[in-house]
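Here is a friendly walk through the spaces, the surface and the charged contacts of one protein model. Keep the structure open beside the text and look up each residue as it comes along.

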Amino acid sequence: MTKSIFLILMFLKKQLETIAKHVKEQSSQVKEIQSENKQIKEQHPATVTAPAVGNQEQIRETPVFDKGYIAVPGTTAAVKISGLVKLDMIRDAKAHTGEQTNVNRMPYALQMRNASLPNVPTKWKEHFYMHAKQSKLRLDMLVKNKSGNDVTAVVEGDFYGSTQFGDNFPNGPNNGTQNSNTYTFRLRHAILGYGGWEAGQTTTTFHTTEAYIPEIDLNGLVGGDARHALIRYTHKFGNIAITAAAEHGRVDYVTYKNNPTTSQAHYTYNAQDSSGNLSKPARPDLIFKFRYDFDDGSLLAVSVVNRDLQIKNNAVSGNNDTSTVDGRTYKGAGWGTNIAVKAITHGKSHLIFGAAAGRGIGWYLLEANGRSSLFDPTLPDGQRAYKPIKMSMLLVGYAHFWNTQWNTNIGVARFNLDTQKLSNERRVTQWYEPGLDKTFNKFLINTIYNPEDNLAFGLEYFVLVRRSTLKYKGVGQRLQFGASYKF
């Protein structure tokens, strides 16, 4: 009996020694895995490591993504779907300002310049219409890499591909019923990002969208954000960001028609390439930007742009008379500076200030789009003038947040074009001729209610004033209601 108990005890001792040895080996493996995990976390702080199973030799990293991203199984990539659903209701008290405010397209109160005809102004109609074209769809893609440099990609679009503007000069097709039922999807942003680099199409480096007040209209005080194809690099250190960019440049210009008997204005705006005087820049627009973000949310940004404004005189746009065609290339240079300030006053309330000035920068100041330069092909060959137009913009606004749900915003903006000396009375026809655009003024005030996160209802009042070198004026008053939800 004693011998049997001894043998059992020896057997148990041997088993305990085997178990202790196995536990020691497992403990060593765990310490080794923990050491490797620590090194991985130090190199890739945005990742966590799945626990090893058995004798698994490889450690699988599972990235941690921000809220809203959906991880793609088996990869280090994720996607996020978001967007905006928005309804706009617009009531124009006078001039038809369109689905989005464009002062430069608002008609003048013109009068006949023929003694045999009644000297009466052109008639405008009041307008009311609704649309949901500002609704957006957005797809964000993110890939986390071991290098620590993430790859990002964004694609966003809205339904303004078939924009309806206000009354055309003098009695265009939009002078009556508004075609607000045609919704065509258009690309707004398509941008790839990696390690400080961005390439694709997005808002120009020249603007600073964070230095705006909340607005209901798509274009708002600044007249809209120019979006260009571009490539840029941003280097950040502390609160400072320095950006250098090369962006797609297109020469937008004013030219004259060589037909004094026409019943329309002698000049025409060419915001796009045409079959006539072709936009021929030899290089991209070059932009440099300095930005400082304060700890309280305030910011200061200064941008400068340099442009090549070459065009080739292939034909006179809208004129079949080819006698003015010389096939020559006309050279010009543009430059501009933009200052944007956002100053937090208390809470989320803030003051904004913006000032831009330069020569030939209508491609960036969208209220002046189509007006960077003036080309006069009606002068004799060898005397034709091609001049970049000096212009400036000044805007001031204040956003007051009463509480987490209500905010009221007010702002004014003025765009000046130095066209007075470019206007020539000899081109005034006996019909409609307001001269060249000289100033655009805008005033808005709105109140926005946010009953829930991302849900907004707002009412906005806009006053728009357009003046010409021949002292004609167009005035528009716009009341707009917006209901939107971001998802």
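What follows takes up a pocket, a cavity, a surface patch and then the salt bridges.

**An open pocket**

Please keep in mind that this is a predicted model. The second largest pocket is a good place to begin, with a volume of about 560 Å³. Its lining is made of 22 residues, and those nearest its centre are Glu-198, Glu-210, Arg-232, Lys-289 and Arg-291. Several strands contribute two or more residues to this lining: E8 (186-194), E9 (197-203), E10 (227-237), E11 (240-247) and E15 (285-293). By residue type, the lining of the second largest pocket divides into twelve polar, seven charged and three nonpolar residues.

**Enclosed space**

Now for the cavities. The count comes to three of 30 Å³ or more, and the largest cavity holds about 100 Å³ of space. Which residues line the largest cavity? The lining is formed by His-207, Thr-208, Ala-211, Tyr-212, Val-222, Asn-338, Ile-339, Ala-340, Phe-353, Gly-354, Met-393 and Leu-395. Eight of the lining residues are nonpolar and four are polar, with no charged residue in the lining of the largest cavity. Strands E19 (333-346), E20 (349-359) and E23 (390-401) each supply at least two of the lining residues. E19 gives the largest share, with three residues.

**A nonpolar patch**

On the surface, you can find a nonpolar patch formed by Ile-81, Val-85, Leu-137, Leu-139, Val-155, Phe-185, Leu-187, Tyr-485 and Phe-487, which together have about 840 Å² of accessible area. Strand E4 (77-92) and strand E6 (136-143) are the elements that give two or more residues to the nonpolar patch. Another member, Tyr-485, sits in strand E27 (residues 473-486). Tyr-485 has a relative accessible area of 40% and is therefore partly exposed.

**Salt bridges**

How many salt bridges does the structure hold? There are 17 salt bridges, and the table lists some of them with the N to O distance.

| Salt bridge | N to O distance |
|---|---|
| Glu-156 and Arg-138 | 3.0 Å |
| Arg-371 and Asp-437 | 2.9 Å |
| Asp-437 and Arg-466 | 3.0 Å |

Take Glu-156 and Arg-138, which form a salt bridge. Glu-156 lies in strand E7 (residues 151-158) and Arg-138 in strand E6, so the pair ties together parts that are 18 residues apart in sequence. Is each partner buried or partly exposed? Glu-156 is buried, with a relative accessible area of 9%, whereas Arg-138 is partly exposed at 28%.

Asp-437 takes part in a salt bridge with Arg-371 and in another with Arg-466. In the pair with Arg-371, that arginine belongs to the loop between E20 and strand E21 (373-376) and Asp-437 to strand E25 (residues 437-452), so the contact ties together parts that are 66 residues apart in sequence. Both Arg-371 and Asp-437 are buried. In the other pair, Asp-437 of strand E25 meets Arg-466 of strand E26 (residues 455-468), so parts that are 29 residues apart in sequence are tied together. Arg-466 is buried, as is Asp-437.

A network is also worth tracing on your screen: salt bridges that share partners join Arg-138, Asp-140, Glu-156, Asp-158, Arg-186 and Arg-188.

How values were computed
Residues numbered from 1 in each chain as written. Predicted model: local features only at pLDDT ≥ 70, side-chain atom pairs only at ≥ 80, totals over all residues. Heavy atoms only, no water. 1 Å grid on protein atoms, 1.4 Å probe; cavity = no way out; pocket = protein on both sides within 12 Å on 5 of 7 lines; lining within 4 Å. Points joined across faces, edges and corners; volume = space filled by probe spheres on them. Helix = DSSP H or I, 4+ residues; strand = E, 2+ residues; numbered from the N terminus. Nonpolar A, V, L, I, M, F, W, Y, C, P; charged D, E, K, R; others polar. Patch = residues over 30% accessible without salt bridge, like charges linked within 9 Å, V, L, I, M, F, W, Y side chains within 5 Å. Areas by Shrake-Rupley, 256 points an atom, 1.4 Å probe, with all protein chains shown as cover. Salt bridge = Lys/Arg side-chain N within 4 Å of Asp/Glu carboxyl O. Buried < 20%, exposed > 50% of the residue type's maximum accessible area, 1.4 Å probe, protein only.
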